[in-house]
Amino acid sequence: MCIYNITVDENKMARCYPGIAREQFGQWLQEWVDGMMEDTPAESHSVSPNAHTYEEMKLAIRDRIDMVESGKATFYTNEEVFSSIRGRYGL
């Protein structure tokens with residue numbers, strides 16, 4: 001187990017995460033970090049595009065376009081996406 005100390009600008013926190021009270025932020029941050037650690041890099045959808053080569057990104061985009069054109073892509077409404085985010089991060 002590692003312990004880190006971080007500094008958070010309260011004004012920026014209030015602007016970026018208005019739904020999270022100052023007292024709740026530490027718990028929210030811990031849950032967010034725990035969630036990141038549950039995903040392995042190979043399974044994570046949040047891996048930075050910079051972690052991939054140009055050819056890998058080109059192939060990933062081509063695969064997504066193929067899925068959309070073939071009707072196999074799954075689409076989500078904005079509310080579904082935000083509801084999932086709120087549930088995952090307790091917002």
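**View 1. Gly35 within helix α2 of the predicted model.** In this predicted model, Gly35 is a residue of helix α2. With a relative accessibility of 8%, Gly35 counts as buried, because the cut-off for that class is a relative accessible area under 20%. The view also takes in Tyr89, which stands 54 residues away from Gly35 along the chain, while the C-alpha atoms of the two residues are separated by 8.6 Å.

**View 2. Phe25 and the residues that it touches.** Phe25, too, lies in helix α2, and its relative accessible area of 11% makes it buried. When residues up to four places away in sequence are left out of the count, Phe25 touches Val8, Met13, Tyr17 and Ile20. For one of these partners, Met13, the separation along the chain is 12 residues, and the C-alpha atoms of Phe25 and Met13 are 8.7 Å apart.

**View 3. The largest nonpolar core.** Six residues, namely Met13, Ile20, Phe25, Trp28, Leu29 and Tyr89, make up the largest nonpolar core of the model. Helix α2, which covers residues 22-38, gives the most to this core, with 3 residues. Among the core members, Met13 and Ile20 are both touched by Phe25, and Tyr89 is the residue whose C-alpha atom is separated by 8.6 Å from that of Gly35.

**View 4. Helix α3 and the glycine that follows.** Helix α3 runs over residues 54-70, and its 17 residues, at 1.5 Å a residue, should span 24 Å. The C-alpha atoms at its two ends are 24 Å apart in the model, which agrees with that expectation. Just after α3 comes Gly71, which takes a positive phi of about 80°.

**View 5. Helix α4 and the glycine that follows.** For the 12 residues of helix α4, residues 78-89, the expected span at 1.5 Å a residue is 16 Å, and the end C-alpha atoms, 16 Å apart, agree with it. Just after α4, the backbone of Gly90 takes a positive phi of about 65°.

**View 6. Glu80 and its contact with the backbone of Thr77.** Glu80 belongs to helix α4, and at 41% relative accessibility it counts as partly exposed, because this value falls between the limits of 20% and 50% that separate buried from exposed residues. From this position, the side chain of Glu80 reaches the backbone nitrogen of Thr77 at 2.7 Å.

**View 7. The cysteines Cys2 and Cys16.** Cys2 is exposed, with a relative accessible area of 56%, and Cys16 is likewise exposed, with a relative accessible area of 55%. Both values count as exposed because they lie over the cut-off of 50%. The structure holds 0 disulfides.

**View 8. The whole chain, as context for the close-ups.** The protein has 4 helices and 0 strands, and from the N terminus on its elements follow the order α-α-α-α. Of the 91 residues in the protein, 9% are buried; Gly35, at 8% relative accessibility, and Phe25, at 11% relative accessible area, both fall into this class. The protein exposes about 8400 Å², and carbon and sulfur atoms supply 56% of this area.

Definitions and conventions: Residues are numbered from 1 along each chain as its sequence is written. This is a predicted model: local features need pLDDT of at least 70, side-chain atom pairs count only at pLDDT 80 or more; totals for chains, interfaces and linings use all residues. Side-chain values use heavy atoms; hydrogens and water are left out. The expected span of a helix is 1.5 Å times one less than its number of residues. Buried means under 20% relative accessible area, exposed over 50%, partly exposed in between (1.4 Å probe, protein chains only). Accessible areas come from the Shrake-Rupley method with a 1.4 Å probe; for residues, only the protein chains shown count as cover. A polar contact is a pair of N or O atoms within 3.5 Å; within protein, one must be able to donate a hydrogen and the other to accept it, and residues adjacent in sequence count only if both atoms are side-chain atoms. A disulfide is a pair of cysteine sulfur atoms within 2.5 Å. A nonpolar core is a set of buried Ala, Val, Leu, Ile, Met, Phe, Trp, Tyr and Cys residues joined through side-chain atoms within 4.5 Å. Contact means heavy atoms within 4.5 Å.
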